[in-house]
Amino acid sequence: MRDDVDSVDARLAARLAELRTERGWSLEELAERTGLSRSTLSRTERAETSPTASFLNRLCAVYGRTMSRLLSEVEAEPALLVRAAEQPVWEDRPAGFVRRSVSPPHAGLRGELVEGRLAAGADIAYDRPPVPGLEQHVWVLDGALEITAQDVAHHLATGDCLRMRVWGPTRFRCAGPADVRYALAVVLP
């Protein structure tokens, strides 16, 4: 699976460079818009480093895309039926986060389904939504998850579901002693 992940990272790096070029932005301009360092952006576009979830979220916000849409742009044309073995997986290893696009986004549809896994103790903060007003439904399949949105912490256990519209920063934290696995339904506004 490592070769698949490496090739996704390479295609993702190329797509990020394309998006910046399409807008006519220099690395300095992109750094100013995202608050990310020019050198890290450059290394990411050259596939020298794999971006974290928070890093990608900042890029998605300036490019007006959800993370799923960005990741789908580096995959083959989506099929109507996506077998489990063919569902794209993306990892943020340092953060302990694994993301599986169960139903990858498609240009003609507004919704998608994602499986998220956070390792015990993992804590991911997003400083902004990729698309303001993004609708999310988070259903915990196994474990415990704490989600903070609009400065309110929500503690979810197995079977619990949280609905929210994302307008500002959010935080996903594995709240139990074991990993947490959850389904995330994302609907564009």
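Helix α2, which spans residues 27–34 in this predicted model, has four buried residues, namely Leu-27, Leu-30, Ala-31 and Thr-34. Because their directions from the helix axis cover an arc of only 105 degrees, these residues lie on the same side of α2. Directly after α2 comes Gly-35, whose phi angle is positive, at about 80 degrees.

The cysteines can be considered next. A disulfide is a covalent bond between the sulfur atoms of two cysteines. When a disulfide is taken to be a pair of cysteine sulfur atoms within 2.5 Å, the count for this model comes to 0. Cys-161 illustrates this result, since the cysteine sulfur nearest to that of Cys-161 belongs to Cys-174 and is 18 Å away, whereas the cut-off for a disulfide is 2.5 Å, and Cys-161 is therefore in no disulfide. In terms of accessibility, Cys-161 is partly exposed, with a relative accessible area of 48%. Cys-60, by contrast, has a relative accessibility of 1% and so counts as buried.

A further position to examine is Leu-80, which is found in the loop that runs between helix α5 (67–72) and strand β1 (89–92). Leu-80 has a relative accessibility of 92%, and because exposed means over 50%, this leucine counts as exposed. The buried leucines of α2, Leu-27 and Leu-30, may be viewed alongside the exposed Leu-80. Leu-80 can also be placed relative to Met-164: the two residues are 84 residues apart in sequence, and their C-alpha atoms are 27 Å apart in space.

Terms used
Residues are numbered from 1 along each chain as its sequence is written. This is a predicted model: local features need pLDDT of at least 70, side-chain atom pairs count only at pLDDT 80 or more; totals for chains, interfaces and linings use all residues. Side-chain values use heavy atoms; hydrogens and water are left out. Buried means under 20% relative accessible area, exposed over 50%, partly exposed in between (1.4 Å probe, protein chains only). Helices (H or I, at least four residues) and strands (E, at least two) are DSSP runs, numbered from the N terminus. The arc is that of the directions from the helix axis to the C-beta atoms.
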